[in-house]
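Work through the exercises below with the sequence and the model open. Each task is followed by a solution in steps.

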Amino acid sequence: MVEQQHTPPGGGRTPGGVADLTPWPVDAGPDPRRWRIFAVSLVVGFMALLDVTIVNVAIPSIQAGLDTTTGTVQWVVSGYALTFGLVLVTGGRLGDAYGRRRLMLVGLALFVLTSAAVGLAPTAGLVILARLLQGAAAGLLTPQNSGLIQDLFSGAERGRAFGIFGLVVSISAALGPVLGGAIISLVGEESGWRWIFLVNIPIGLAALVAVARLVPHSVPRTRGEARPRLDPVGSLLLGGGVLCLLYPLVSVEGGQYLWLVLLGAAPPLFVAFVRWERRVVRRGGAPLLDVTLLRRTPGFANGIAVGTLYFTGFTGLVLVLSIHLQTELGLAPFTTGLLLTGFAAGSAVSAPLAGRVVSSVGRPLTVGALVTIITAIAVMTVLVPGREAGTLWMVLPPLLFLGGLGGGAVISPNFTLTLADVPTRMGGAAGGALQTGQRIGSAIGSALGVTVYTLVLGAIGPAAGLRATFLTAATMLALALVAAVVALRAERDERDERAARGV
């Protein structure tokens, strides 16, 4: 593992305010401002992740405000996820090479500008274009969170930090519909959707000042180590593979099935990416993502699988519930959001606790959490479909709370366990790879959930459509459980092998 270089207590600045990029001795100890730096990064990460789901309840308002079709409006939702997923690994690698602070400042400035562009755009085409650019800015920002955690924390503190970050991921996904519905209710249906994006401007500007003041300049590297070179060919190959995977999925949500042919190009591009990265490593170059991490780093590959499959099941479930409650039961966006807050509340309870104990409990925590959320969905499958809006308050929030208890204890431990043995030099890229899996899972889950719901609704009815969606989500989460159990067995086998060798 690459030697950890800590940032000086002054946060990387000389007394005159000039960036101090000289190596800092390892025995200087951790940065005393690390928790404040981390808090700032969480605000930035929350804002970027919140914009994935905050527009879910605004689809009818956007369609009416822009006088356009549902398929076009779907790109306002899905286009963000598309470019977000495309940029994550490259954004993480840029942070590894040029520093988290620089990438956060650039990404935040772009995020604020594009948020303003989305909120003020006069036509649907310009809204979609600005939304695509906003997703790319979020892709630059988000991997810096996991990279900073790798840089600033170690041991039990790292587990706590990932626990809090996992809480932010869970809450941002679950709280998005609530905040979106609240803003639309306050401002009005006609222009309320624009304020969903415009509120990012003051928050983003305040975050820019905080990042400039707190986040260190220096990049963690060993003494005398040169700045890593970039890998444009690897970026293009990986970006092409992710594009061929995500674009057809988000097109399906808008009813465009022809683009599914692109799915066939994704596997060859991913294979070409792996081969290219191995070639770069053999020649002594700097890969975009050291693919040997997938094989040599304990739990990394399975951790990506767990995260991807979890988001595949969870995202489609929440999106379909939001659509069902509004279109079939006639609930307002804000009421819909309130009904869905149980998941965020459950995650708020379990994620910090899971982050504190994951270092001692390990992978069994993730296994138990997945069993919990699958159980909650199984009960929802029986009790929720076919109920009137008034009786849902007694059933849906408590079950979502139970599911949130499980969900919060999946995300944060999975971050900690997946990235625990990743070298610091690859912290941003590896975190970006993990979150790319999450974004791919979210895209698959959204497309799969909406497709299953729509098909069964048209053939049988809304209750059957909702039940089919629940069963689909439970199946995806069961696959995540299988991946977690495989990872658990691999860790135990490795531990037994080390004990046999006397290591």
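Two residues are in contact when they have heavy atoms within 4.5 Å of each other. The model is predicted, so local features need pLDDT of at least 70 and side-chain atom pairs count only at pLDDT 80 or more, while totals for chains, interfaces and linings use all residues. Residues are numbered from 1 along each chain as its sequence is written, and side-chain values use heavy atoms, with hydrogens and water left out.

**Exercise 1.** List the contacts of Leu370 beyond four places in sequence, then place Leu370 in the largest nonpolar core.

Solution. Step one: Leu370 is in contact with Val306, Tyr310, Val410, Leu477, Ala480, Leu481 and Ala484, leaving aside neighbours within four places in sequence. Step two: a nonpolar core is a set of buried Ala, Val, Leu, Ile, Met, Phe, Trp, Tyr and Cys residues joined through side-chain atoms within 4.5 Å. Buried means under 20% relative accessible area, exposed over 50%, and partly exposed in between (1.4 Å probe, protein chains only). Step three: the largest such core has 128 residues, and Leu370 is among the four that touch the most other members, with Tyr310, Ile377 and Met380. Helix H13 (residues 300-327) gives the most to this core, 12 residues. Helices here are DSSP runs (H or I, at least four residues) and strands are runs of E (at least two), numbered from the N terminus.

**Exercise 2.** Is Ser347 buried or exposed, and which residues does Ser347 touch?

Solution. Step one: Ser347 lies in helix H15 (residues 341-361). Step two: Ser347 counts as buried because its relative accessibility is 0%. Step three: not counting residues up to four places away in sequence, Ser347 touches Leu167, Ser170, Pro352, Gly404, Leu405 and Gly408.

**Exercise 3.** Describe how H5 and H6 pack.

Solution. Step one: helix H5 (residues 124-141) and helix H6 (residues 143-152) pack at an angle of about 5°, and their axes are 5 Å apart. Axes are lines fitted to C-alpha atoms over the stretch in contact, and angles run from 0 to 180 degrees between N-to-C directions. Step two: H5 and H6 are therefore roughly parallel, a label for angles under 35 degrees. Step three: Ala138, Gly139, Leu140 and Leu141 of H5 meet Pro143, Gln144 and Asn145 of H6.

**Exercise 4.** Where is Asn145, and what does Asn145 contact?

Solution. Step one: Asn145 sits in helix H6. Step two: Asn145 is buried, since its relative accessible area is 1%. Step three: leaving aside neighbours within four places in sequence, Asn145 is in contact with Ser41, Leu42, Gly45 and Phe165.

Methods: Angles under 35 degrees count as roughly parallel, over 145 as roughly antiparallel, 65 to 115 as roughly perpendicular and the rest as oblique.
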